[in-house]
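Dear colleague,

I am handing over the structure we spoke about, and I would be grateful if you could look through it with the notes below at hand. Please take your time with it.

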Amino acid sequence: MDKQMLDRINELARKKKTVGLTPAEQDEQKKLYKIYLGEIRQQFSQTLDNVSVEQKDGTVVPFKQAYRHKKN
């Protein structure tokens, strides 16, 4: 996400708190939030791909694999 998008998200958030948003601005804000949250989720998932967990038996497995085993 580039700086201009973040600036626009912040601008719309400030405007929403002070004077309110037009329907077009509300739609724009929803679209920008969706993009922003998608990028955050992707970054978080990539971070988890680089995390390993040491099991009780001493083996080290990727976090996502360890989490899957606990659910089953």
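How many helices and how many strands does the chain have? This is a predicted model, and in it the chain has three helices and two strands. If you follow the chain from the N terminus, you will meet these elements in the order α-α-β-β-α. The chain is more spread out than a compact globule, because its radius of gyration is 19 Å, whereas the globule rule gives 11 Å for 72 residues. The C-alpha trace fits that picture, with spans of about 60 × 25 × 15 Å along the principal axes of the chain.

Some totals for the whole chain may help you before we turn to single residues. Of the 72 residues, 12% are buried, and the chain exposes about 6200 Å², of which carbon and sulfur atoms supply 53%. When you consider the contacts between residues at least 6 apart in sequence, 23% of them join residues at least 24 apart. As for charge, there are 15 positive and 10 negative side chains, and the centres of these two sets lie 6 Å apart.

Let us begin with the helix α1, which covers residues 3-18. Its 16 residues should span 22 Å at 1.5 Å a residue, and since its end C-alpha atoms are 23 Å apart, the model agrees with that expectation. Just after α1 comes Gly20, which takes a positive phi of about 95°. Within α1 you will find Glu11, and this residue counts as partly exposed because its relative accessibility is 41%, which falls between the limits of 20% and 50%. Although Glu11 and Tyr36 are 25 residues apart along the chain, their C-alpha atoms are separated by 14 Å.

The helix α2 takes up residues 23-49. It has 27 residues and reaches 39 Å from its first C-alpha to its last, which is close to the 39 Å expected at 1.5 Å a residue. Which residues in α2 are buried? They are Glu25, Gln29, Leu32 and Leu48, and two of these residues deserve a closer look.

Glu25 is counted as buried because its relative accessible area is 14%, and the cut-off is under 20%. Setting aside residues up to four places away in sequence, Glu25 touches Arg8, Leu12, Lys15 and Gly20; the last of these, Gly20, is the residue with the positive phi just after α1. Gln29, also in α2, has a relative accessibility of 6% and therefore counts as buried too. Once neighbours within four places in sequence are left aside, Gln29 is in contact with Leu12, Ala13, Lys16 and Leu21. You may notice that Leu12 appears among the contacts of both Glu25 and Gln29.

Finally, please look at helix α3, which consists of residues 63-71 and holds Ala66. Is Ala66 buried or exposed? Ala66 is buried, because its relative accessible area is 8%. Apart from neighbours within four places in sequence, Ala66 is in contact with Val53, Gln55 and Val61. Of these partners, Gln55 is 11 residues away from Ala66 along the chain, and the C-alpha atoms of the two are separated by 8.1 Å.

With best wishes

Conventions. Residues numbered from 1 in each chain as written. Predicted model: local features only at pLDDT ≥ 70, side-chain atom pairs only at ≥ 80, totals over all residues. Heavy atoms only, no water. Helix = DSSP H or I, 4+ residues; strand = E, 2+ residues; numbered from the N terminus. Rg over C-alpha atoms; globule rule 2.2 N^0.38 Å. Buried < 20%, exposed > 50% of the residue type's maximum accessible area, 1.4 Å probe, protein only. Contact = heavy atoms within 4.5 Å. Areas by Shrake-Rupley, 256 points an atom, 1.4 Å probe, with all protein chains shown as cover. Lys, Arg positive; Asp, Glu negative; His and termini not counted. Charge placed at Lys NZ, Arg CZ, Asp CG, Glu CD. Expected span 1.5 Å × (residues − 1).
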